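Visitor: I am new to this structure and would like a close look at one part of it, namely the aromatic rings and what surrounds them. Could you take me through that part slowly and in order?

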Amino acid sequence: MMRISAFAKISGISIKTLRYYNELGLLIPAHVDEQSGYRYYSEEQLLTVKRIAAFKDQGFTLEQLKPFFDDHIETNDVKNKLIDKMDELQQAMLSIQQQMDEVNGSMKRLEQRRVEHLAHQITIRKVPSQRIASIRDQVHRSELCLLLDEITQYINAHGEHDTHQMTILWHDHDNWNGAHSDLVDIEVAIPITISIPASERVHVGFLPELKSAASLVHHCNPYENDCPAASELRTCLSSQHLTPSNRAPVRETYLTADKDIYGKTRLAELIIPLEE
(Lines give C-alpha, C1' and ligand atoms only; values in the text may rest on other atoms or scores of the structure.)
Protein backbone atom coordinates (compact mmCIF):
# COMPACT_ATOMS: atom_id res chain seq x y z
CA MET A 1 0.00 0.00 0.00
CA MET A 2 0.98 3.62 -0.46
CA ARG A 3 0.65 6.71 1.66
CA ILE A 4 -1.62 9.40 0.27
CA SER A 5 1.29 11.49 -1.03
CA ALA A 6 2.69 8.59 -3.06
CA PHE A 7 -0.76 7.58 -4.32
CA ALA A 8 -1.45 11.17 -5.37
CA LYS A 9 1.79 11.26 -7.34
CA ILE A 10 1.25 7.97 -9.15
CA SER A 11 -2.46 8.59 -9.83
CA GLY A 12 -2.04 12.20 -10.95
CA ILE A 13 -4.70 13.30 -8.45
CA SER A 14 -3.97 16.00 -5.87
CA ILE A 15 -4.07 15.18 -2.18
CA LYS A 16 -6.90 17.72 -1.78
CA THR A 17 -8.95 15.91 -4.45
CA LEU A 18 -8.29 12.52 -2.89
CA ARG A 19 -9.57 13.83 0.44
CA TYR A 20 -12.66 15.19 -1.30
CA TYR A 21 -13.28 11.81 -2.97
CA ASN A 22 -13.03 10.28 0.48
CA GLU A 23 -15.64 12.71 1.85
CA LEU A 24 -18.01 11.76 -0.99
CA GLY A 25 -17.45 8.06 -0.37
CA LEU A 26 -16.03 7.54 -3.87
CA LEU A 27 -12.49 6.59 -2.92
CA ILE A 28 -12.05 5.60 0.72
CA PRO A 29 -8.50 4.86 1.88
CA ALA A 30 -7.78 1.16 2.17
CA HIS A 31 -6.30 1.76 5.60
CA VAL A 32 -6.00 4.64 8.08
CA ASP A 33 -3.37 4.40 10.78
CA GLU A 34 -5.17 4.94 14.08
CA GLN A 35 -2.18 6.50 15.81
CA SER A 36 -0.74 8.76 13.08
CA GLY A 37 -3.90 9.28 11.03
CA TYR A 38 -1.96 8.55 7.85
CA ARG A 39 -4.09 7.36 4.97
CA TYR A 40 -2.99 4.46 2.81
CA TYR A 41 -4.25 3.42 -0.61
CA SER A 42 -3.86 0.11 -2.38
CA GLU A 43 -2.53 -0.31 -5.90
CA GLU A 44 -5.88 -1.72 -6.95
CA GLN A 45 -7.55 1.58 -6.12
CA LEU A 46 -5.84 3.13 -9.14
CA LEU A 47 -8.62 1.41 -11.11
CA THR A 48 -11.19 3.44 -9.17
CA VAL A 49 -9.32 6.64 -10.08
CA LYS A 50 -9.42 5.63 -13.76
CA ARG A 51 -13.13 4.81 -13.54
CA ILE A 52 -13.91 8.17 -11.97
CA ALA A 53 -11.93 9.92 -14.72
CA ALA A 54 -13.78 7.93 -17.40
CA PHE A 55 -17.20 8.83 -16.01
CA LYS A 56 -16.18 12.49 -15.74
CA ASP A 57 -15.11 12.38 -19.40
CA GLN A 58 -18.70 11.36 -20.20
CA GLY A 59 -19.94 14.46 -18.42
CA PHE A 60 -21.02 12.90 -15.15
CA THR A 61 -20.61 14.97 -12.01
CA LEU A 62 -19.14 13.34 -8.94
CA GLU A 63 -22.59 13.16 -7.37
CA GLN A 64 -24.04 11.59 -10.52
CA LEU A 65 -21.40 8.92 -10.82
CA LYS A 66 -21.51 7.75 -7.20
CA PRO A 67 -24.23 5.12 -7.86
CA PHE A 68 -21.97 3.43 -10.44
CA PHE A 69 -19.75 2.26 -7.58
CA ASP A 70 -22.63 0.61 -5.72
CA ASP A 71 -22.06 -3.14 -5.62
CA HIS A 72 -25.80 -3.77 -5.99
CA ILE A 73 -26.63 -1.42 -8.87
CA GLU A 74 -28.93 -3.02 -11.45
CA THR A 75 -28.38 -2.96 -15.21
CA ASN A 76 -31.65 -1.11 -15.77
CA ASP A 77 -30.57 1.55 -13.28
CA VAL A 78 -27.32 2.04 -15.20
CA LYS A 79 -29.22 2.26 -18.47
CA ASN A 80 -31.64 4.87 -17.11
CA LYS A 81 -28.80 6.99 -15.77
CA LEU A 82 -27.03 6.80 -19.13
CA ILE A 83 -30.24 7.83 -20.90
CA ASP A 84 -30.68 10.76 -18.51
CA LYS A 85 -27.09 11.85 -19.15
CA MET A 86 -27.63 11.60 -22.90
CA ASP A 87 -30.70 13.83 -22.65
CA GLU A 88 -28.74 16.29 -20.52
CA LEU A 89 -25.86 16.39 -23.04
CA GLN A 90 -28.24 16.90 -25.95
CA GLN A 91 -29.79 19.86 -24.17
CA ALA A 92 -26.29 21.21 -23.51
CA MET A 93 -25.46 20.82 -27.20
CA LEU A 94 -28.56 22.76 -28.15
CA SER A 95 -27.61 25.48 -25.69
CA ILE A 96 -24.07 25.63 -27.08
CA GLN A 97 -25.41 25.80 -30.63
CA GLN A 98 -27.65 28.71 -29.64
CA GLN A 99 -24.66 30.45 -28.08
CA MET A 100 -22.63 29.87 -31.25
CA ASP A 101 -25.47 31.31 -33.34
CA GLU A 102 -25.56 34.36 -31.07
CA VAL A 103 -21.79 34.87 -31.39
CA ASN A 104 -21.98 34.39 -35.16
CA GLY A 105 -24.79 36.95 -35.33
CA SER A 106 -22.70 39.39 -33.29
CA MET A 107 -19.79 38.94 -35.70
CA LYS A 108 -22.03 39.67 -38.68
CA ARG A 109 -23.53 42.75 -37.01
CA LEU A 110 -20.06 43.94 -36.07
CA GLU A 111 -18.97 43.71 -39.70
CA GLN A 112 -22.10 45.60 -40.78
CA ARG A 113 -21.34 48.20 -38.13
CA ARG A 114 -17.84 48.63 -39.59
CA VAL A 115 -19.27 49.15 -43.08
CA GLU A 116 -21.83 51.66 -41.80
CA HIS A 117 -19.12 53.51 -39.91
CA LEU A 118 -17.32 54.14 -43.19
CA ALA A 119 -20.44 55.85 -44.53
CA HIS A 120 -20.84 58.43 -41.73
CA GLN A 121 -22.15 61.64 -43.18
CA ILE A 122 -25.00 64.07 -42.79
CA THR A 123 -27.85 63.41 -45.20
CA ILE A 124 -31.29 64.82 -45.93
CA ARG A 125 -33.76 62.00 -46.34
CA LYS A 126 -37.33 60.84 -46.06
CA VAL A 127 -38.17 58.75 -43.00
CA PRO A 128 -40.96 56.21 -43.61
CA SER A 129 -43.79 55.51 -41.21
CA GLN A 130 -43.21 52.59 -38.87
CA ARG A 131 -45.45 50.44 -36.69
CA ILE A 132 -44.31 50.71 -33.10
CA ALA A 133 -45.08 50.13 -29.44
CA SER A 134 -44.09 53.04 -27.23
CA ILE A 135 -44.20 54.59 -23.79
CA ARG A 136 -44.27 58.35 -23.27
CA ASP A 137 -43.58 59.97 -19.92
CA GLN A 138 -41.99 62.94 -18.21
CA VAL A 139 -38.97 61.58 -16.40
CA HIS A 140 -35.49 62.49 -15.31
CA ARG A 141 -32.81 61.79 -17.90
CA SER A 142 -31.27 59.15 -15.66
CA GLU A 143 -34.53 57.15 -15.97
CA LEU A 144 -34.29 56.74 -19.74
CA CYS A 145 -32.87 53.24 -19.38
CA LEU A 146 -35.80 52.29 -17.15
CA LEU A 147 -38.27 53.31 -19.86
CA LEU A 148 -36.34 51.38 -22.51
CA ASP A 149 -36.29 48.31 -20.28
CA GLU A 150 -40.02 48.66 -19.55
CA ILE A 151 -41.07 48.78 -23.20
CA THR A 152 -38.68 45.94 -24.09
CA GLN A 153 -40.06 43.68 -21.39
CA TYR A 154 -43.64 44.51 -22.41
CA ILE A 155 -43.26 43.57 -26.07
CA ASN A 156 -41.15 40.51 -25.21
CA ALA A 157 -43.94 39.33 -22.93
CA HIS A 158 -46.32 39.56 -25.90
CA GLY A 159 -44.13 37.59 -28.31
CA GLU A 160 -42.06 40.29 -30.03
CA HIS A 161 -38.36 39.56 -29.64
CA ASP A 162 -36.72 41.64 -32.37
CA THR A 163 -35.78 44.60 -30.18
CA HIS A 164 -32.38 45.57 -31.57
CA GLN A 165 -33.59 48.97 -32.88
CA MET A 166 -35.02 51.38 -30.33
CA THR A 167 -36.04 54.97 -31.00
CA ILE A 168 -36.10 57.83 -28.52
CA LEU A 169 -38.43 60.72 -29.33
CA TRP A 170 -37.66 64.00 -27.58
CA HIS A 171 -40.96 65.87 -27.40
CA ASP A 172 -39.44 68.74 -25.41
CA HIS A 173 -37.56 70.69 -28.08
CA ASP A 174 -35.83 72.93 -25.55
CA ASN A 175 -34.48 70.19 -23.33
CA TRP A 176 -33.81 67.24 -25.60
CA ASN A 177 -30.05 67.74 -25.65
CA GLY A 178 -29.55 68.46 -21.96
CA ALA A 179 -29.70 72.20 -22.46
CA HIS A 180 -32.06 73.06 -19.60
CA SER A 181 -34.19 71.00 -17.22
CA ASP A 182 -33.25 67.51 -16.15
CA LEU A 183 -36.95 66.55 -16.40
CA VAL A 184 -37.83 65.73 -20.01
CA ASP A 185 -40.90 64.79 -22.05
CA ILE A 186 -39.69 61.63 -23.72
CA GLU A 187 -41.06 58.67 -25.64
CA VAL A 188 -39.33 55.35 -26.21
CA ALA A 189 -40.47 53.26 -29.16
CA ILE A 190 -39.61 49.86 -30.61
CA PRO A 191 -40.73 48.61 -34.06
CA ILE A 192 -43.08 45.62 -33.88
CA THR A 193 -43.67 42.92 -36.46
CA ILE A 194 -46.64 41.21 -34.80
CA SER A 195 -49.92 42.38 -33.33
CA ILE A 196 -49.63 43.14 -29.62
CA PRO A 197 -52.19 44.80 -27.32
CA ALA A 198 -51.93 48.35 -26.04
CA SER A 199 -52.31 49.18 -22.36
CA GLU A 200 -52.80 52.19 -20.15
CA ARG A 201 -49.05 52.61 -20.23
CA VAL A 202 -48.12 51.32 -23.69
CA HIS A 203 -49.27 52.90 -26.95
CA VAL A 204 -49.40 50.78 -30.10
CA GLY A 205 -49.60 52.61 -33.40
CA PHE A 206 -47.50 54.16 -36.15
CA LEU A 207 -44.57 56.50 -35.99
CA PRO A 208 -45.46 59.26 -38.49
CA GLU A 209 -43.59 59.62 -41.74
CA LEU A 210 -41.12 62.49 -42.03
CA LYS A 211 -41.06 63.84 -45.57
CA SER A 212 -37.81 65.68 -44.94
CA ALA A 213 -35.31 65.17 -42.13
CA ALA A 214 -31.62 65.66 -41.46
CA SER A 215 -29.85 62.46 -40.48
CA LEU A 216 -26.48 61.82 -38.88
CA VAL A 217 -25.25 58.31 -38.07
CA HIS A 218 -22.78 58.59 -35.22
CA HIS A 219 -21.32 56.86 -32.21
CA CYS A 220 -23.50 57.66 -29.22
CA ASN A 221 -22.46 57.31 -25.60
CA PRO A 222 -25.61 56.11 -23.78
CA TYR A 223 -23.93 56.82 -20.45
CA GLU A 224 -23.82 60.57 -21.14
CA ASN A 225 -26.73 63.05 -21.20
CA ASP A 226 -25.42 65.39 -23.87
CA CYS A 227 -24.97 64.46 -27.53
CA PRO A 228 -22.08 66.09 -29.45
CA ALA A 229 -23.65 64.92 -32.71
CA ALA A 230 -26.60 67.24 -32.08
CA SER A 231 -24.42 70.34 -32.19
CA GLU A 232 -22.69 69.07 -35.30
CA LEU A 233 -25.98 68.44 -37.05
CA ARG A 234 -27.53 71.77 -36.04
CA THR A 235 -24.42 73.65 -37.21
CA CYS A 236 -24.64 71.92 -40.55
CA LEU A 237 -28.34 72.79 -40.91
CA SER A 238 -27.66 76.43 -40.07
CA SER A 239 -24.88 76.64 -42.65
CA GLN A 240 -27.21 75.25 -45.31
CA HIS A 241 -30.08 77.53 -44.23
CA LEU A 242 -32.28 74.57 -43.33
CA THR A 243 -34.87 75.05 -40.57
CA PRO A 244 -35.63 72.35 -37.97
CA SER A 245 -39.33 71.72 -37.47
CA ASN A 246 -40.92 72.16 -34.04
CA ARG A 247 -44.00 70.21 -35.10
CA ALA A 248 -42.33 66.80 -34.74
CA PRO A 249 -39.96 65.49 -32.07
CA VAL A 250 -36.27 64.93 -32.62
CA ARG A 251 -35.54 61.23 -32.93
CA GLU A 252 -32.55 59.12 -32.05
CA THR A 253 -32.57 55.51 -33.18
CA TYR A 254 -30.17 53.02 -31.67
CA LEU A 255 -28.71 50.95 -34.53
CA THR A 256 -26.67 48.77 -32.19
CA ALA A 257 -28.41 46.34 -29.85
CA ASP A 258 -27.54 46.35 -26.16
CA LYS A 259 -25.73 43.03 -26.51
CA ASP A 260 -23.59 44.41 -29.35
CA ILE A 261 -22.13 47.36 -27.43
CA TYR A 262 -18.36 47.09 -27.09
CA GLY A 263 -16.72 49.81 -25.06
CA LYS A 264 -19.09 52.66 -24.15
CA THR A 265 -20.57 53.72 -27.47
CA ARG A 266 -23.23 52.39 -29.79
CA LEU A 267 -24.07 53.27 -33.37
CA ALA A 268 -27.11 55.56 -33.53
CA GLU A 269 -28.92 57.74 -36.03
CA LEU A 270 -29.90 61.25 -34.99
CA ILE A 271 -32.89 62.54 -36.97
CA ILE A 272 -34.06 66.18 -36.90
CA PRO A 273 -37.32 66.88 -38.78
CA LEU A 274 -37.13 69.82 -41.21
CA GLU A 275 -39.63 72.43 -42.29
CA GLU A 276 -40.86 71.66 -45.79
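**A close look at the aromatic rings**

Guide: In this predicted model, a good place to begin is Tyr 41, which has a relative accessible area of 0% and is therefore buried, since the cut-off for that word is under 20%. The rings can then be taken pair by pair, and the count of aromatic pairs comes to 5. One of them joins Phe 7 and Tyr 41, whose rings are stacked, with 4.7 Å from centre to centre and 15 degrees between their planes. Phe 7 belongs to helix H1, which covers residues 4–11, while Tyr 41 belongs to strand E3, which covers residues 39–41, so this pair ties together parts of the protein that are 34 residues apart in sequence. Phe 7, like its partner, counts as buried, because its relative accessibility is 0%.

A second pair to look at is that of Phe 60 and Phe 68, which meet edge-to-face, with their centres 5.2 Å apart and their planes at 90 degrees. Phe 60 is buried at 5% relative accessibility, and Phe 68 is buried as well, with a relative accessible area of 9%. These two rings also belong to a wider group, in which Phe 55, Phe 60, Phe 68 and Phe 69 form one aromatic cluster.

Charged side chains come into the picture too. Lys 85 lies over the face of Phe 60, at 5.2 Å from the ring centre, so that Phe 60 has an aromatic partner in Phe 68 and a charge over its ring. Elsewhere, Arg 3 lies over the face of Tyr 38, where the distance to the ring centre is 3.9 Å.

To place this part within the whole protein, it helps to turn to the domain assignment, which gives domain 1 as residues 2–71, domain 2 as residues 74–119 and domain 3 as residues 120–273. Taken over C-alpha atoms, the centres of domain 1 and domain 3 are separated by 62 Å.

A last word concerns the cysteines. A disulfide is a covalent bond between the sulfur atoms of two cysteines, and a search of the whole structure finds 0 of them. Cys 220 is nevertheless buried, with a relative accessible area of 8%, and Cys 236 is buried too, at 16%.

How values were computed. Residues numbered from 1 in each chain as written. Predicted model: local features only at pLDDT ≥ 70, side-chain atom pairs only at ≥ 80, totals over all residues. Heavy atoms only, no water. Phe/Tyr/Trp six-rings, centres within 6.5 Å; stacked < 30°, edge-to-face > 60°. Helix = DSSP H or I, 4+ residues; strand = E, 2+ residues; numbered from the N terminus. Buried < 20%, exposed > 50% of the residue type's maximum accessible area, 1.4 Å probe, protein only. Lys NZ or Arg CZ within 6 Å of the ring centre and 35° of its normal. Disulfide = S-S within 2.5 Å. Domains from an automatic or database assignment.
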